[in-house]
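Q: I'm new to this structure and would like to learn how to read it. Could you walk me through a few features?

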Amino acid sequence: MAAALLTLISLLIVIGPATWLVLNLIDGIRTLSDRLDLSLLELPRPRLAVKNWALIGDPIYEFWDLASTNLRAAFAKIAPQLKPLGGVLLKIAADAGTGTIKFLIAIVVAGFLFSPAPLLVDDLRRFSHRLASGRGEEFVRLAGNTIQAVSRGVIGISVLQAFFAGLGLWAIGISGASLITSAVLILGIIQIGPAIVLIPVIIWSWVARDTTTALLFTAYMIPVGLLDNVLRPLVLGRGLDTPMLIILVGVIGGTISHGITGLFLGPIILAVIWELLVAWVREPLSIGQSARYHASEQPEA
């Protein structure tokens, strides 16, 4: 019963925010498309000096001149060049959807492992002890601590940061607050950071809002934007002897290579490799190896 309840709660935690994120993205894109009317956009005509630019002057002038008179025709002209970009975006969206489905399947599989988990952990420790009697159990503990640290330090901090950012955006009445909050969450998880989203919003607040509101919003959003830089190192380093830089490199590289699965696999693999390297370097030398080592340090006659 406990395993079934924990699996159900885990699914709700994943499906709920994921559904909210998708719906907000669709709503934000729809709002953007409704407001972006090409017929209402006007571009100034290019100056003749643009033609004098080396190599690219003439094509830029011709395209700019066409866009200033007929923007739809200009977009139609560059549409063939944008098709590869559209294919890349579709591939990214498909990979994201596949990764989400895999993650949901992983939660269901984990649900069946909750009940026999203590026995499985004991068997894993015995197996690791057989493989490496001196360090095997330590590596099992290291893998578990790394998973917990990544869950708290990456996903947990990103959710907390997105929550506070959403409160600030909602407080000053930004219409696309849900879309910006979703971007903050995604950028936090993939280790890029929300600054590239929040800084333009702060600049916009000084243009569109009064000085007092913009000042309060800026004073609130700057600490929110720096929240991950302060809390993430503290949370990632808690309970781990592995250097934080190794964990961060594993998180970033794993996410880039294998998506949300690599978010956990990357730091685990790098942490275990690091501990193996440290154990190998610090392993005491045998009598023969020690003699050869000290002999090599003796100056030649």
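Q: Which exposed residues does helix 8 carry on the face turned away from its buried side?
A: A helix can show one side to the solvent and another to the protein, so let's take the outer side to begin with. This is a predicted model, and in it Thr 212, Leu 215, Leu 216 and Ala 219 are the exposed residues on that face of helix 8.

Q: And which residues of helix 8 are buried?
A: Those are Ala 214, Phe 217, Thr 218, Met 221, Val 224 and Gly 225. Look down the helix axis and you'll find them within an arc of 130°, so they line one face of helix 8.

Q: What caps the N-terminal end of helix 8?
A: Look for a side chain reaching a backbone nitrogen. Here Asp 210 does the job, with a side-chain oxygen 3.3 Å from the backbone nitrogen of Thr 212.

Q: How far apart are the end C-alpha atoms of helix 8, and what span should its residues give?
A: Count 1.5 Å a residue: the 15 residues, 211–225, should span 21 Å. The end C-alpha atoms lie 20 Å apart, which agrees.

Q: Which elements have the highest and lowest mean pLDDT?
A: Think of pLDDT as the predictor's confidence, on a scale from 0 to 100. Among the elements, helix 8 has the highest mean, 89, while helix 11 (residues 287–297) has the lowest, 53. For the chain, the mean is 76, with 75% of residues at 70 or more.

Q: Which residues have the most contacts inside the largest nonpolar core?
A: A core is read as a set of buried nonpolar side chains joined to one another. The largest one here has 17 residues, and the best connected inside it are Leu 169, Ile 174, Ile 180, Val 184, Val 201, Phe 217 and Met 221. Helices 5, 6, 7 and 8 each give two or more residues to this core, and helix 6 brings the largest share, five. There's also a second, separate core of eleven residues, including Phe 139, Val 251, Leu 263 and Phe 264.

Q: What is Leu 169 in contact with, leaving aside its neighbours within four places in sequence?
A: Its partners are Ile 174, Ala 177, Ile 180, Thr 181, Val 201 and Phe 217.

Q: Is Thr 146 buried or exposed?
A: Compare its relative accessibility with the cut-off: buried means under 20%. Thr 146, in helix 5, has 1%, so Thr 146 counts as buried. Thr 146 also sits 9.6 Å from Val 272, C-alpha to C-alpha, though the two are 126 residues apart in sequence.

Terms used:
Residues are numbered from 1 along each chain as its sequence is written. This is a predicted model: local features need pLDDT of at least 70, side-chain atom pairs count only at pLDDT 80 or more; totals for chains, interfaces and linings use all residues. Side-chain values use heavy atoms; hydrogens and water are left out. Helices (H or I, at least four residues) and strands (E, at least two) are DSSP runs, numbered from the N terminus. The expected span of a helix is 1.5 Å times one less than its number of residues. Buried means under 20% relative accessible area, exposed over 50%, partly exposed in between (1.4 Å probe, protein chains only). The arc is that of the directions from the helix axis to the C-beta atoms. A polar contact is a pair of N or O atoms within 3.5 Å; within protein, one must be able to donate a hydrogen and the other to accept it, and residues adjacent in sequence count only if both atoms are side-chain atoms. A nonpolar core is a set of buried Ala, Val, Leu, Ile, Met, Phe, Trp, Tyr and Cys residues joined through side-chain atoms within 4.5 Å. Contact means heavy atoms within 4.5 Å.
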